[in-house]
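Visitor: Show me around the charged side chains of this protein, please. I'd like a close look at how they pair up, and at whatever helps me place them on the chain.

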Amino acid sequence: MHERLSAPPAPLAWLDANAQARRIAGLRRSVLPRPAVDHRIRLDLAGNDYLGLARHPDVIEAGVAALRAWGAGSTGSRLVSGTTELHAELEAELAAHCGFAAGLVFASGYAANLGALTALASAGDLVVSDEHNHASIVDACRLSRAEVAVVPHLDVTAVDAALARRSYRRALVVTDSVFSADGDLAQLAELHAATRRHGAVLLVDEAHALGVVGTRGEGAAAAAGLAGEPDVVATVTLSKSLGSQGGAVLGPIEVRDHLIDTARTFIFDTGLAPAAAGAALGALRLLVATPALAARARARAGELARIADAPAPAAAVVSVVLGEPERAVAAAETCREHGVAVGCFRPPTVPPGTSRLRLSARADLTDDDVALFATALSAARAAQRT
């Protein structure tokens, strides 16, 4: 007779306790699938479709044409079978629009940041990172094995001081151009001056600037006159202004060649699906043909900010700080009840005490859309006063 084994300990029991603690703190999250058509939501200010191109007929058709021509998936890594002529066209046209010599497409913007930073910095190097940088940059810094100096937000003097310590082999300064939660703009010209003084490289994440910043939506680096400089590299996402999926690294040809040889998220990841590449290329061509889209998105963002008494935005992100998580959650729910979807950002996405509504303006918003937001926000404020 076999001896009955005693019940094993519950090694994951701590998950329930952690979930309960997050629930009490107002930080419990949930995944809410949305239908193709949600009749409850009349206005979406939560997504990052800054130019309103995700459902544009030309963009959809470009994705469908790529799907028909190349199939549902790229079938392998970019170095095996995952590179199509479409990927090459997208890389060339994206680099040209943003003012860089070359581009390399990744499966996501997250993968682009991981690939770029870990390929350009390693043990013995120094990475200087703004404290408000996106999580993908934070993770890339950790994975690089370089020494990391996290500096106060938008503090160029602190960046210069970190670079002045000469106990490193090479140095890289990394920053969002438009910060995803606050919507403010990095001082790129001043940062570049500091990096050049110390022989460092400036890596700029243009996720929230591409399509919105600059007279043609060419991004903040180009708008600051830095695109194409030999010590400047940029990353972009295709999932925001271009309404698709994927990411890219832009910079000198030598950087592209180096990433092909060394970037793990390029070498070991399946290539971006052709439909996503085709849709992104279709959106990019629309942006090139209609440069006024960038100014429209910024103008609508300014209107939303004035209604919300929020700081004037640098791009399309409007941040309405409310304080504690419960207040932000309640305000977001009231807006939803009035047909308006808004982002709700809480710690750890933002610092404690700064939970907020995060609004994404779009170039295709109408006056009626703006009026609907004003009504929803007014209702949310009234509910918080009761």
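Guide: Let's start with R197, which is exposed, with a relative accessible area of 57%. Keep in mind that this is a predicted model. Although R197 sits out in the open, its side chain has a partner: R197 and D160 meet in a salt bridge, with N and O 2.8 Å apart. That pair links distant parts of the chain, R197 being in helix 7 (residues 188-197) and D160 in helix 6, 37 residues apart. The D160 end is partly exposed, at 22% relative accessible area. That puts D160 just outside the buried class, because buried means under 20%.

How many salt bridges are there in the whole structure? A full search finds 17, so I'll pick out a couple of others, keeping to the rule that the nitrogen must be within 4 Å of the carboxyl oxygen.

Next up is D125, which forms a salt bridge with R169, the closest N and O atoms being 2.8 Å apart. This one joins two loops: D125 is in the loop between helix 4 (109-120) and strand 3 (126-130), while R169 is in the loop between helix 6 (156-164) and strand 5 (171-176), with their positions 44 residues apart in sequence. The two ends sit in contrasting surroundings. D125 is buried, with a relative accessible area of 2%, whereas R169 counts as partly exposed at 47%.

Then there's R256 with E91, whose side chains meet in a salt bridge at 2.9 Å, N to O. R256 belongs to helix 9 (residues 253-262) and E91 to helix 3 (residues 85-98), so this pair ties together parts that are 165 residues apart in sequence. Here too the acid is tucked away: E91 is buried at 5% relative accessible area, while R256 is partly exposed at 24%. The pair has company as well, since R78, E91 and R256 are linked in a network of salt bridges.

Now for a charge without such a partner. Which residue is buried yet has no salt bridge? That's D205, and its nearest side chain of opposite charge, K240, is 7.5 Å away. The pair doesn't qualify because a salt bridge needs the two atoms within 4 Å. You'll find D205 in strand 6 (residues 201-205). What its side chain does reach is the backbone nitrogen of A207, at 3.0 Å. Leaving aside neighbours within four places in sequence, D205 is in contact with N113, H134, I137, T175, D176, S177 and T235.

For contrast, here are two spots without charge. L12, W14 and L15 make a nonpolar surface patch of about 320 Å². L12 lies in the segment before helix 1 (14-24) and is exposed, with a relative accessible area of 55%.

The other spot is A72, in the loop between helix 2 (57-70) and helix 3. A72 is exposed too, at 66% relative accessible area. Setting aside neighbours within four places in sequence, A72 is in contact with L67, A273 and P274. If you want a sense of scale, the C-alpha atoms of A72 and E147 are separated by 41 Å, with the two residues 75 apart along the chain.

Terms used
Residues numbered from 1 in each chain as written. Predicted model: local features only at pLDDT ≥ 70, side-chain atom pairs only at ≥ 80, totals over all residues. Heavy atoms only, no water. Patch = residues over 30% accessible without salt bridge, like charges linked within 9 Å, V, L, I, M, F, W, Y side chains within 5 Å. Areas by Shrake-Rupley, 256 points an atom, 1.4 Å probe, with all protein chains shown as cover. Helix = DSSP H or I, 4+ residues; strand = E, 2+ residues; numbered from the N terminus. Buried < 20%, exposed > 50% of the residue type's maximum accessible area, 1.4 Å probe, protein only. Lys, Arg positive; Asp, Glu negative; His and termini not counted. Polar contact = N/O pair within 3.5 Å; in protein donor to acceptor, adjacent residues only side chain to side chain. Contact = heavy atoms within 4.5 Å.
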